[in-house]
Amino acid sequence: MARETKTVRETKVGTPDRSRRRPRFEGELGSREKTDLDVIGKRQPRLDGPEKVSGRSIFADDVQLPGMLCGKILRSRYAHARILSLDTSKAEALPGVKAVITAKDIGEIDVNGREPVFASDAVTYIGEEIAAVAALDELTAEKALELIEIEYEELPAVMNMRRALKEGAPLVDGKTEGNLWSDDIDNYGEVEPAFETADYIFEEKYEAGVTHNLFAEFHVAVVDFSLPDKLTLYTPTQTSYLMQHALAPAFGLTLSQVQIIHLNTGGAFSGRGSVRPHHYIAILLSRETRRPVKIFATGDEEFLVCRALGENKYKMRMALKKDGTITAFDMEAEMDGGAVGTEVGYFGWMAGLCNSWVFPLEGLRMRRRCVLTNNRPNFLGHGGLMLSTNAAIMQLINTTAKKIDRDPIDLLYQNAIEEGHTGLSGEWFASCGLRECIETVRKASDWDNRYGKLESYHGLGVGIGSMAAGAKGAFRHDTSAVMVRVGEDGIVTVYTGIPDMGQGTHTTMAVIVAEVLGIDPNDMKVIAGDTDLTPIDVGAFAQRGTIQTGNAARNAALDAREQLTVYAAGKLEVDKDDLVFRGGKVYAQNAPDKSMGFEDLVYKTLHGKEGRSVMGRGFYNSPLQFGTTSWSFGAQIAEVKVDPDTGEVQVLKVWVAHDLGRAINPLACEGQIDGQVYSAMSQILYEEVQTDAGLYLNPSRLEYKVPRSYEMPEIDYHLIETIDPFGPFGAKEIGEGIIVVSGGAIAAAVSDALGGEFIGEMPMAPWRVLKHVKRVQRQEAAGRSAA
Amino acid sequence: MAKHLVTLTVNGDTYDLVVSDNQTLLDVIRDEVNLKGTKRGCTTGSCGVCCINNAKGEAVLSCLTHALEWDGEEITTIEGLEADGELDAMQKAFIEYGAVQCGFCTPGVIMSAKAIINAHPEPTKEQINAGLAGVNCRCTGHIKVKEAIRNDHRIRELGRGTRD
């Protein structure tokens, strides 16, 4: 019986008026002057380095609270089954067990308003939470899980999108009418006319497999909810703020009663932006036992609880003019959302937009269909869907260039947008160094002398891309606030709520404050990772850290400086606007001998007549109602070699040029580039969760392949500074702007090494590459016999 | 679960411990000796975050070995590298060369790096790669880690973590 599918939601946005620069921005524009800075731009080692290299850093698993219990979760073994009975009496009777909870014990609480904490009448994916135990120790908790008796009735499951969309397919959760969760189409500009008037239309299909975020630090939650009005949660996260907003209403608390402590976060890679069932379960167990509880995901459990990228299938169509002008894209994506409908559709929209910003298109159409299956609920991976979308588009352009007898780098340069361009979805690019990036890598890699002249199985590929630095959306605000406390001893402490999951954002904030106050960042302290101590910060995602929190830090430092100028101006007898804070001193702009030390100034400000203790505060909220003010741009060239016998791909070198606005800390910027090239290479070539009927076949870090040290290419870094008018000191982002472009460049290079044909599958694992090697060999043989 | 008395020397301090059959060396370091620098990761020997050094200065994955087998042995954990109130040259090199990001795997990576240097004081690229093969760092792409290891000897000579 045919079922009704979800209504298609379609929007149309006409071509924006490109004749004027965006007036609503103008009041907000900062200086584009490339001023001479003292602290920013120096290679600054991480301030938390000594703690991290000496084993002193505390991660959630290191937290040991008095009376703490061990929590364990019983997970579904079936992809789809009815729960006929669930008996926990034997587990409850086991000595040492302090609580056993299931769906019937927890009331109306659900996860993010979207999925149950525990399955009640049916399970819809392998790994779904059914019950949980809190016990004195891990062994007892594990034993208790074994004593829980469940009777299942296995139900037919749909394990891929094709089957899920078939007529008469079993329903994933019985709650929706069909397995199509969402179907969105967005049209920008003039799509149909662009295709109708195109001289060439090229079309390709691209499929990306299932991934895992594979953070170094596993999923873990330590909770103390033993008193009813105070919930403390230690957990790695990208956003304590959004966690507070999810957890407080669920447990009848105010935001301030929920304390999230994220002292350190062991990697996130877009996978820690949300609360997950294990957080709720640890909280429920703690509430039930009135004792602290720790839940830690063990080896293969880590794969079951992960929410990363699911299977994604794309169809890309590109319209071109004879002269190589790219006029339109039509992208269709089919995305496996897994058993819980998620924001995957939105991520697909972001990915499509993000990868078309770089071209001055006439039309853009994107359709995103999110499908429910009995797979694990999917979310995001490093680079999101932007990575795979870029890999498809850049391959399409590199292969198209060959077909129309153009050099791909010329084609990209010709089509690259420039500063001041207004994009189809209304974005205005206030700074853009895209063409400079292309020229830089072209020269550095000696592209003109090498492209097309390499031997067989040796390839070069070029990619370009762009990334939004921050994207205001979910709330009316996108606020980050920062406090700067100037200690009596002249030591400055920065208080920030932004999580540092490795990207080095705490050091970035210190550097920005140090620049404003003219002090040495190495003498500073950063207090972060505890919502009871730090001001509001929406979090570290969407590449918003440097631009949002960075601007807040700058504002807070300016506020502190303003307070310090009161005493300094009087003492030095100069106008306060003529004071310079630099090199640990405060002096008059035109009379540098009129100076005093920073520490001396702080001391005298406090011990003077006024007795002023200096504390700066600042916040920043994007001037837009929605969206982004600043975008990074980048170009990369990758060189690869394919082993025709094994199908293995070796990445030899990657040339990276990235317009990041301004490099606050080049050492950290290089680290960001390294990590993202690594992760792009990992996803393009290796990473794939393999399943059979929903069962994980490679749930370990040995079998789920990622690059090891010996596989890493050489990287050539070029940081391009365009000094963005919105960014703090002109900085934009270097968070995920690299990974997206690396993906495109590496994919295009593999395609070039294999005769220049589009490779429609990701990861480009050896067994897939070998199919293309065989094609190349057939083509070569045919060429020889024809000759 | 049978219990056994085990004498273990960790970073020069000797502990008399009661150890169960099922406890790994990692469990004992973290829970009995109460040193938390050695991290708990996959506990199946695939991620490298629990790496320590044995008495010979070799890398050992502490999650893969029973604590019982270490009776009478000496080990070094990340906490044992400091001397005279100063970080070890390798630790300084990791900071200076930006080889630390999230920091979760860092203790394990540094203990792997120490094992490389213990075996080859001025290691070749191949020796570094072989010594890091068990490391699953997800942030750094291994690149600055290798730079730090290559320059560890220079920092040893300088005696402090400064860049030229």
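Start your tour by selecting A:V484: across from it, in β26(A), stands A:G616. Keep in mind as you look around that this is a predicted model.

**First stop: the open sheet**

Now widen the selection from A:V484 to its surroundings. Strand β20 (residues 480–486) of chain A pairs with β26(A) in the antiparallel sense, and six bridges link the two. Add the neighbours and you will have an open sheet of four strands in chain A, ordered β22-β21-β20-β26, with mixed pairing. Which strands stand at the edges? Select β22 (525–528) and β26 (615–620) of chain A: each has a single partner strand, so one side of each is left without a neighbour in the sheet. If you turn the view, look for the twist: on average, neighbouring strands of this sheet are turned by 20° against each other, direction ignored.

As a reminder while you have strands on screen, strands of a sheet pair through backbone hydrogen bonds, either parallel or antiparallel.

Next, show helix α15 (residues 545–572) of chain A. This helix lies across β20, β21 (492–496) and β26 of chain A, and runs at about 150° to β26(A).

**Second stop: strand β27 and its partners**

Move along to residues 631–642 of chain A, which make up strand β27. Is this strand largely enclosed or left open? Of its 12 residues, 11 are buried, so β27(A) is largely enclosed by the rest of the structure.

Two pairings are worth displaying here. One is with strand β19 (residues 458–468) of chain A, antiparallel over 11 bridges. To find your place in that pairing, pick A:M467, whose bridge partner in β27(A) is A:S632.

The other is with strand β28 (residues 649–659) of chain A, again in the antiparallel sense, over 10 bridges. Here, click on A:E639 and look opposite, where you will find A:K653 in β28(A). Then follow the chain round the turn: β27(A) and β28(A) form a hairpin with six residues between them. One residue to label in that turn is A:G647, which has a positive phi of about 80°.

**Last stop: where chain A meets chain B**

Finally, bring both chains into view. How many residues does each chain give to the contact? Chain A contributes 43 residues and chain B contributes 43 residues. On the chain A side, the elements that give two or more residues are α1 (49–53) and α17 (666–686). Colour α17(A) in particular, since you will find the largest share of that side there, eight residues. Colouring by class shows 18 nonpolar, 16 polar and nine charged residues on the side of chain A that touches chain B.

How values were computed:
Residues numbered from 1 in each chain as written. Chains lettered and ligands numbered in written order. Predicted model: local features only at pLDDT ≥ 70, side-chain atom pairs only at ≥ 80, totals over all residues. Buried ≥ 20, exposed ≤ 12 C-beta atoms within 10 Å, placed from the backbone. Pairing = 2+ DSSP bridges. Contact = placed C-beta atoms within 7 Å. Nonpolar A, V, L, I, M, F, W, Y, C, P; charged D, E, K, R; others polar. Axes fitted to C-alpha atoms, helices over the stretch in contact; angles between N-to-C directions.
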